Amino acid sequence: MMDWDTLKAACAQCHNCTLGETRHNVVFGVGDEHAEVMFIGEGPGENEDLQGEPFVGAAGHLLDDMLEIIGLHRSQVYIANIVKCRPPHNRDPLNTEQDACIAYLRAQVALIQPKIIVCLGRIAAMRLIRSNFKITREHGQWTEKGGVQMMAIYHPSALLRDPDKRPDTFEDLKALQRQIHAICTHTHCQTPGAGQPSA
Ligand code: URA
């Protein structure tokens, strides 16, 4: 199996597709390399491309808020994308681009060995769960694949565009929190306010 340094170096130099010609930075992934929970988006946007880190723009701030609802911080999980370079004008990554990039994500999953993978939005769900995945109908549902519990929730960008989707996502996050309690051993969701004992 490829080690982290080899994988990161290969990714940094990648020109497997034309997205490599227009990127400022490869957006490899961020978080705990021993995380039990992974979040997978579709691909970097403008801020991510400029900073080299996933989910640092408006959608990223909302993702941080979503994690906080269930008592998690991004440092406790691992966050990555289906494609590691920004598609121009934030268009959906093409299937050919996904095909060219997916081996990097598979290698990340192999190294991390997460117990839970949460797909952010339909692009990730269609690639990782099932090619005919319907996000409006199937968000929040668990599927087991290769010993990993998988589910998809709405992409934070979709929640920014359509706040009516937020109540469903709140329920999905609660289901994720219950699954973490059930099967994770070192991922502890902090209850807000339950910090230091007072005496
Ligand atoms: N949207 C994504 O899918 N991924 C990011 O990293 C940022 C926005």
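**Ligand environment and aromatic pairing**

By residue class, the shell around the ligand consists of two nonpolar, four polar and two charged residues. The model analysed here is predicted. The residues that form this surrounding are Gly41, Glu42, Gly43, Glu48, Pro54, Phe55, Asn81 and His155. Pro54 and Phe55 count as nonpolar, and Glu42 and Glu48 count as charged.

Polar contacts to oxygen atoms of the ligand involve both backbone and side-chain atoms of the protein. A polar backbone atom of Glu42 lies 2.9 Å from an oxygen atom of the ligand, and a backbone N or O atom of Phe55 is found 3.0 Å from a ligand oxygen atom. From the side chain of His155, an N or O atom is placed 2.9 Å from an oxygen atom of the ligand. Of the 240 Å² of accessible area that the ligand has on its own, 93% is covered by the protein. The space that the ligand takes is the largest pocket.

Aromatic pairing was examined across the whole structure, and two aromatic pairs were found. In the pair of Trp4 and Phe28, the ring centres are 6.1 Å apart and the planes meet at 75°, so the arrangement is edge-to-face. Trp4 belongs to helix H1 (residues 4-12), whereas Phe28 is located in the loop between helix H2 (19-22) and strand E1 (30-31); the pair therefore ties together parts that are 24 residues apart in sequence.

Key. Residues numbered from 1 in each chain as written. Predicted model: local features only at pLDDT ≥ 70, side-chain atom pairs only at ≥ 80, totals over all residues. Heavy atoms only, no water. Near = heavy atom within 4 Å. Polar contact = N/O pair within 3.5 Å; in protein donor to acceptor, adjacent residues only side chain to side chain. Areas by Shrake-Rupley, 256 points an atom, 1.4 Å probe, with all protein chains shown as cover. 1 Å grid on protein atoms, 1.4 Å probe; cavity = no way out; pocket = protein on both sides within 12 Å on 5 of 7 lines; lining within 4 Å. Sits in = over half its atoms within 2 Å of the grid points. Phe/Tyr/Trp six-rings, centres within 6.5 Å; stacked < 30°, edge-to-face > 60°. Helix = DSSP H or I, 4+ residues; strand = E, 2+ residues; numbered from the N terminus.
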